[in-house]
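Below are some notes for a colleague who is opening this entry without having worked on it before. Please keep the structure in view while reading the numbered points.

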Amino acid sequence: TWFTWHDHLVRPGMRVLDLACGDGRHSLAAAGRGAVVTAWDRDAAALAAGRAQGAARGLDVDWQQVDLEADWPAVAPFDAVLVFNYLDRERMPLVRGLLAPGGTLIMETYLATQRDLGWGPTRDEHLLARGELARLIAPLEVLHGREVLEPVDVERWRAVASVVARRRPDEP
């Protein structure tokens with residue numbers, strides 16, 4: 001829902017990076033809105049699934065197999081970076097650095113409370129503490145943020161922190 005609520009921020013011609021894209025659900029949605037999308041993930045099977053879905057829908061995405069725990073490719077800054085269900089605290093400065101001045105980060109990942117819900121990530125390094133996401137993305141300007149417990153389906157709930165933030169145009 002977080003991406004759907006904010007997909008109006010993705011406009012035709014924007015350069016968008018979907019970081020840890022998995023099978024590319026958000027990559028394909030951004031491409032469907034006319035963005036020029038690059039999608040990074042280390043899972044070749046997930047990338048292949050995204051590539052097949054994109055081809056079936058006539059959407060063009062630059063699918064790249066990137067080990068996010070190794071050196072990242074040198075790229076020009078993006079107008080928007082999408083990060084969903086991925087957390088690497090040590091690389092948050094790199095994530096912020098992927099944004100062009102005025103660029104937008106749309107991010108959502110699990111809170112530590114998720115562990116109590118019986119599904120999803122369980123390791124501390126993959127779960128946010130309350131209030132932590134805003135600190136991790138600083139000095140970006142938070143436009144909209146939340147920490148919620150919300151239904152996924154009739155039987156499951158999820159605990160997430162979500163943010164839309166912008167790199168100030170004058171920020172070096």
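1. Which strands and which helix each supply at least two residues of the lining of the largest pocket? In this predicted model, the elements that do so are strand 1, helix 2, strand 4 and strand 5. The pocket itself holds about 620 Å³ of space, and its lining is made up of 26 residues, with Ala20, Asn85, Tyr86, Leu87 and His126 lying nearest its centre. Several of the points that follow return to these residues and elements.

2. The sheet is a good place to get one's bearings. It is an open sheet of seven strands, whose order is 3-2-1-4-5-7-6 and whose pairing is mixed. Strand 3 (61–65) and strand 6 (141–151) stand at the edges with a single partner strand each, so one side of each has no neighbour in the sheet. On average, and with direction ignored, neighbouring strands of the sheet are turned by 15 degrees against each other.

3. Strand 1, which covers residues 15–19, pairs with strand 4, residues 78–84, in the parallel sense over four bridges, and within this pairing Leu19 has Val83 of strand 4 as its bridge partner. Leu19 and Val83 also belong to the lining of the largest cavity, together with Tyr86, Asp88, Met92, Val95 and Met107. That cavity encloses about 30 Å³ of space.

4. Helix 2 (residues 25–32) packs on the sheet, where it touches strand 1, strand 2 (36–41), strand 3 and strand 4, and its direction makes about 155 degrees with that of strand 3. Its buried residues are His26, Ser27, Leu28, Ala30 and Ala31, and what covers them includes helix 1 (2–6) and helix 3 as well as strand 1, strand 2, strand 3 and strand 4. Helix 3, residues 44–57, lies across strand 2 and strand 3 and runs at about 170 degrees to strand 3. Just after helix 2, Gly34 takes a positive phi of about 95 degrees.

5. Two of the residues nearest the centre of the largest pocket, Ala20 and Asn85, deserve a look at their backbone. Ala20, in the loop between strand 1 and helix 2, has a positive phi of about 60 degrees although it is not a glycine. Asn85, in the loop between strand 4 and helix 4, likewise has a positive phi, near 60 degrees, and is a residue other than glycine. As to accessibility, Ala20 is buried, because its relative accessible area of 18% is under the 20% cut-off, whereas Asn85 is partly exposed at 37%.

6. Thr109 lies in strand 5, residues 99–110, and counts as buried at 1% relative accessibility. What does a polar atom of its side chain lie 3.5 Å from? The partner is the backbone nitrogen of Tyr86. Leaving aside residues up to four places away in sequence, Thr109 touches Asn85, Tyr86, Leu87, Leu128, Ala159, Val160 and Ala161.

7. At the other side of the sheet order, strand 7 (residues 157–166) is mostly covered, with eight of its 10 residues buried. Strand 5 and strand 7 run antiparallel and are joined by seven bridges, and Leu105 stands opposite Ala165 in strand 7. Strand 6 and strand 7 also pair in the antiparallel sense, over 10 bridges, with Val160 of strand 7 as the bridge partner of Val148. A hairpin of five residues joins strand 6 to strand 7.

8. A final point concerns Arg96, which lies in helix 4 (residues 92–97) and is buried, with a relative accessible area of 18%. A polar atom of the side chain of Arg96 lies 2.7 Å from the backbone oxygen of Leu136. Apart from residues up to four places away in sequence, Arg96 touches Leu136, Ile137, Ala138, Pro139, Leu140 and Arg167. Among these contacts, Ala138 and Pro139 are joined by a cis peptide bond with omega of about 15 degrees, and Pro139 is found in the loop between helix 5 (132–137) and strand 6.

Technical notes: Residues numbered from 1 in each chain as written. Predicted model: local features only at pLDDT ≥ 70, side-chain atom pairs only at ≥ 80, totals over all residues. Heavy atoms only, no water. Pairing = 2+ DSSP bridges. Axes fitted to C-alpha atoms, helices over the stretch in contact; angles between N-to-C directions. Contact = heavy atoms within 4.5 Å. Buried < 20%, exposed > 50% of the residue type's maximum accessible area, 1.4 Å probe, protein only. Polar contact = N/O pair within 3.5 Å; in protein donor to acceptor, adjacent residues only side chain to side chain. 1 Å grid on protein atoms, 1.4 Å probe; cavity = no way out; pocket = protein on both sides within 12 Å on 5 of 7 lines; lining within 4 Å. Points joined across faces, edges and corners; volume = space filled by probe spheres on them.
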